[in-house]
Amino acid sequence: MAYETLIVEIEDHVGVIRLNRPEKLNALNSQLLEELVQALTGMDANDKVRAIVLTGSEKAFAAGADIAEMSRKSFVDVFASDLFGPVHDAIMRIRKPIIAAVSGYALGGGCELAMMCDFIIASESAKFGQPEINLGVVAGIGGTQRLSRLVGRAKSMDMHLTGRFMDAAEAERAGLVSRVVPPRRLMEEALSAAQKIAEKSQLTVMAIKEAVHRAEETSLREGLLFERRLFHALFATEDQKEGMAAFLESREPQFRDR
């Protein structure tokens, strides 16, 4: 499928989606978000894709939602259409792991999109922020909820109430990003991580993704039970037998997703 706001590639079982509205710093308009959902859904259903990397440009992952498009809307418009709700829900239904490779600005909706991914690898130039307060609104795609869970109440309040940006070094210290690399190495690092994931049992990968997401949404007691049952269930797979046999035989496992 041809996309106007994305560049989409698949290589070595890794799908790469690059946001491509350079003249708008990859601002998230309705067309981009619709195409992003289509691309992610297609990769989720494609057996050749085992992990996904989502990125932007060196200057901006995504500088926010498209204000020019939103500014004309009324409360009735955004409420009746549940603005951003269907897109958010569709992205969160993707079962394959998504790595955000972030360089430059990841602000507002761009920061929220990065946080919807399973983890973030940032370049040293990355800047994260939720400056919606400067527009007279609050974050609308999970910013107040996910940022608070990732970096804690104090830093989340600071960023949302003052609109300040967090650089890559602070983002790593705070737990927003998993690792920081020089800009020239960003895609190399993200693709390497995706390739490592692609080599694993996809049954186990999906189980881990479900378990970690469950940790954000339930009590510790219920989360532990969910994890234990997944652990038990994976003993019904051929991949569990292969993985443990390979360990005992000191060889690389050959997973078959069965």
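## An exposed serine after α12

With 70% relative accessibility, Ser250 counts as exposed. This is a predicted model, and Ser250 belongs to the segment after α12, the helix of residues 238-248. The backbone here has a feature to look for: the phi of Ser250 is near 55°, a positive value in a residue other than glycine.

## Two asparagines between β2 and α1

A second positive phi turns up at Asn26, where the angle is about 60° although this residue is not a glycine. Asn26 sits in the loop between β2 (14-19) and α1. Is Asn26 buried or exposed? Its relative accessible area is 1%, so Asn26 is buried. For Ser250, by comparison, the relative accessibility is 70%, which puts that residue in the exposed class.

Asn29 can be found in the loop between β2 and α1 as well. With a relative accessible area of 10%, Asn29 is buried, since the cut-off for that class is under 20%. Which residues does Asn29 contact once its neighbours within four places in sequence are set aside? They are Arg21, Asp66 and Glu69. The last of these, Glu69, is 40 residues from Asn29 in sequence, yet their C-alpha atoms are 6.9 Å apart in space.

## Helix α1 against helix α4

Now for the helix pairs. Two packed helices are described by the angle between their axes and the distance between the axes. For α1 (residues 30-45) and α4 (residues 85-92), the angle is about 20° and the axes are 10 Å apart. The two helices are therefore roughly parallel to each other, as angles under 35 degrees fall in that class. Where α1 passes α4, the crossing is left-handed.

On the α1 side, the contact is made by Leu33, Leu36, Val37 and Leu40; on the α4 side, by Val87, Ala90 and Ile91. By class, the residues of this contact are 7 nonpolar, with no polar and no charged ones.

Following α1 onward brings you to the loop between this helix and β3 (51-55), where Lys48 has its place. Lys48 has 58% relative accessibility and so counts as exposed. Take Ile91, one of the α4 residues in the contact with α1: its C-alpha atom is 19 Å from that of Lys48, with their positions 43 residues apart along the chain.

## Helix α5 against helix α6

What angle do the axes of α5 and α6 make? Helix α5 (residues 109-116) and helix α6 (residues 143-151) cross at roughly 55°, and their axes come within 10 Å. That makes α5 oblique to α6. This crossing, too, is left-handed.

The residues that meet are Glu112, Met115 and Met116 from α5 and Gly143, Arg146, Leu147 and Leu150 from α6. Sorted by class, they give 4 nonpolar, 1 polar and 2 charged residues. The contact of α1 with α4, by comparison, has no polar and no charged residues.

Helix α5 also holds Gly110, which counts as buried because its relative accessibility is 0%. Beyond its neighbours within four places in sequence, Gly110 is in contact with Leu28, Phe61, Ala62 and Gly64. Arg93 lies 17 residues from Gly110 in sequence, and the two are 19 Å apart in space, C-alpha to C-alpha.

## The nonpolar cores

Phe61, one of the contacts of Gly110, leads into the interior. The largest nonpolar core has 46 residues, and Phe61 is among those with the most contacts inside it, together with Ile17, Leu54, Val102, Leu113, Phe128 and Leu176. Which element gives this core its largest share? Helix α1 does, with 7 residues.

Another core lies apart from that one. This other core has 15 residues, including Ala51, Ile99, Leu186 and Val205.

## A loop glutamate and its distant partners

To finish, look at Glu124, in the loop between β7 (119-123) and β8 (127-129). Its relative accessible area is 53%, so Glu124 is exposed, the cut-off for that class being over 50%.

Exposed as Glu124 is, this residue touches Ala168, Val180, Val181, Pro182 and Pro183, not counting residues up to four places away in sequence. Among these, Pro182 is 58 residues away from Glu124 in sequence and 5.4 Å away in space, C-alpha to C-alpha.

Notes. Residues are numbered from 1 along each chain as its sequence is written. This is a predicted model: local features need pLDDT of at least 70, side-chain atom pairs count only at pLDDT 80 or more; totals for chains, interfaces and linings use all residues. Side-chain values use heavy atoms; hydrogens and water are left out. Axes are lines fitted to C-alpha atoms, for helices over the stretch in contact, and angles run from 0 to 180 degrees between N-to-C directions. Helices (H or I, at least four residues) and strands (E, at least two) are DSSP runs, numbered from the N terminus. Angles under 35 degrees count as roughly parallel, over 145 as roughly antiparallel, 65 to 115 as roughly perpendicular and the rest as oblique. A crossing is left-handed if the near helix is turned anticlockwise from the far one by less than a right angle, and right-handed if clockwise. Contact means heavy atoms within 4.5 Å. Ala, Val, Leu, Ile, Met, Phe, Trp, Tyr, Cys and Pro count as nonpolar, Asp, Glu, Lys and Arg as charged, and the others, Gly among them, as polar. A nonpolar core is a set of buried Ala, Val, Leu, Ile, Met, Phe, Trp, Tyr and Cys residues joined through side-chain atoms within 4.5 Å. Buried means under 20% relative accessible area, exposed over 50%, partly exposed in between (1.4 Å probe, protein chains only).
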